[in-house]
Amino acid sequence: MIYLKLFWVFFKIGAFTFGGGYAMLPLVQQEVLQNGWLSNEEIVDFIAISESTPGPFAVNMSTLAGMQTAGIFGAFCATFGVVLPSFIIILLVARIYDRFQSSKVIKGAMLGLKGAVVGLIGAAVISTAISVFGSAVKSINTKEMVTATILLAALGLGIRKKIHPIILIIVSAIVGMVVQGI
Amino acid sequence: MKSNTTLRLFLTFFKIGAFTFGGGYAMIPLIQREVVENKKWLSDKDVSDVVAIAETTPGPIAINAATFVGYKTNGIMGAIASTLGVVLPSFLIISLVALAFKKYMKYEIVANAFWGVRIAVVALMVKALISMFKQCPKNAVSYSVAAIALILVAVFHTNILFIILGAAIVGIIYNQVKAGRNR
């Protein structure tokens, strides 16, 4: 049953994401693609939408994925799933958090996990870049390749200047409309 | 009075959920202002504990923070009210946005816009990668774990859950060995 499955997959994503936000993306890509719920392009579109709407990134992403896969009740199941592990774990930890924070086991685990998150996001960047730029490179579409390169350079500069992500997304949307529309 | 606090927690976190973009860390200053300065439910130390706890437990930072603040302020009912409050605005807004996305993606101009937007997403993911890299401990163990995780996922498509568990175990063992050596 799709609803139960959505709940379970997003429960796993909630339980195994450390660092929140973009750290959930490698798991979302792997689990959601494996189930054939969304295409790679849809996931990328949803990242942009999650970034430019208010509220926690992870909640936005789960609601979108659930909605697209199985309508409003699907959205409910995915969101409930991603929230529940946090909720339970925090209730357990809240009483003993001083001991929890100074625990050697937790400190050790975090050391390993911080490294893993870097590698996992690195892999997500590679697979996303392939899906975004793949078709332009394969079909040797010069216009797309040149535009994409210039836009990427401009975005890199924008990020260095600490311009807000939403502005970068809006500017890129306008560039897309103009360049692809001609 | 108790039920009053529960309702006020819900409304406070509903407001926080409705007005922060990017979630997580963007939310902490708002929580600080509402929960410590305005409502005086918690102290400054509690809020810095919120950040530390949210980082070392799995799940979205925003949910961890809301649940923790709610529980500290008003027990289990407070936790439920705050978490529900921070999730609900997203859920409502996104449900509407998802409907619009399905409807308007058919138009060429919208599809063209998303062509540009996807490039922005790649750039933002690289930005996230750089900031995670900066937070990563600067030693051979975490760099090796990063490299192995990357290869396992990108090349061998290994299940990420195993990688997370494996990385945690490697970190714990490393810490124990290091502690043993220092003794």
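A search of the whole structure, which is a predicted model, finds two cavities of 30 Å³ or more. On a 1 Å grid over the protein atoms alone, a cavity is a set of points where a 1.4 Å probe fits but cannot get out, and a pocket is an open set with protein on both sides within 12 Å along at least five of seven lines; lining residues have an atom within 4 Å of a point. Grid points are joined across faces, edges and corners, and a volume is the space filled by probe spheres set on the points. Residues are numbered from 1 along each chain as its sequence is written, chains are lettered from A and ligands numbered from 1 in the order in which they are written, and side-chain values use heavy atoms, with hydrogens and water left out. Local features need pLDDT of at least 70 and side-chain atom pairs count only at pLDDT 80 or more, whereas totals for chains, interfaces and linings use all residues.

The largest cavity has a volume of about 60 Å³. Its lining consists of A:Phe16, A:Thr17, A:Phe18, A:Ala23, A:Pro26, A:Leu27, A:Val117, A:Leu120, B:Ile160 and B:Ile164. At least two residues of this lining come from each of helix H2 (25-34) and helix H6 (104-138) of chain A and H7 of chain B; helices (H or I, at least four residues) and strands (E, at least two) are DSSP runs, numbered from the N terminus. The lining of the largest cavity divides by class into nine nonpolar, one polar and no charged residues. In this classification Ala, Val, Leu, Ile, Met, Phe, Trp, Tyr, Cys and Pro count as nonpolar, Asp, Glu, Lys and Arg as charged, and the others, Gly among them, as polar.

The second largest cavity holds about 30 Å³ of space. Lining residues from chain A include A:Ile13, A:Gly14, A:Thr17, A:Gly20, A:Met24, A:Ala58 and A:Val82, and those from chain B include B:Gly59 and B:Pro60. Two or more residues of this lining are given by helix H1 (2-16) and by helix H4 (57-94) of chain A. Five nonpolar, four polar and no charged residues make up the lining of the second largest cavity.

Among the pockets, the largest contains about 950 Å³ of space. Of the 37 residues that line the largest pocket, A:Gly19, B:Tyr25, B:Ser131, B:Met132 and B:Gln135 lie nearest its centre. H4 and H6 of chain A and H3, H4 and H5 of chain B each supply at least two lining residues. The class counts for the largest pocket are 22 nonpolar, ten polar and five charged residues.

About 380 Å³ of space lies in the second largest pocket. This pocket is lined by 16 residues, and A:Gly156, A:Ile159, A:Arg160, B:Lys127 and B:Ile130 are those nearest its centre. Helix H7 (142-160) and helix H8 (165-181) of chain A, together with H5 of chain B, give two or more residues to the lining. H5(B) provides the largest share, seven residues. The lining of the second largest pocket comprises ten nonpolar, two polar and four charged residues.

The contact between the chains (heavy atoms within 4.5 Å) takes 91 residues from chain B and 97 residues from chain A. Buried area is the accessible area (1.4 Å probe) that two parts lose on being put together, summed over both. Between chain B and chain A this area is about 8400 Å², of which carbon and sulfur atoms give 79%. Ten residue pairs, both members at pLDDT 80 or more, are in polar contact between chain B and chain A. A polar contact is a pair of N or O atoms within 3.5 Å; within protein, one must be able to donate a hydrogen and the other to accept it, and residues adjacent in sequence count only if both atoms are side-chain atoms.

On chain B, the elements that give two or more residues to the side touching chain A are helix H1 (2-19), helix H3 (44-56), helix H4 (61-104), helix H5 (108-135), helix H6 (140-154) and helix H7 (160-182). H4(B) gives the most, with 24 residues. This side of chain B has 60 nonpolar, 23 polar and eight charged residues.

Six salt bridges are found over all chains, a salt bridge being a side-chain nitrogen of Lys or Arg within 4 Å of a carboxyl oxygen of Asp or Glu. The count between chain B and chain A is two. B:Arg118 forms a salt bridge with A:Asp45, with the closest N and O atoms 2.7 Å apart. B:Arg118 also forms a salt bridge with A:Glu41, for which the closest N and O atoms are 3.7 Å apart. B:Arg118 lies in helix H5 of chain B and A:Glu41 in helix H3 (residues 40-52) of chain A, so this pair joins two chains.
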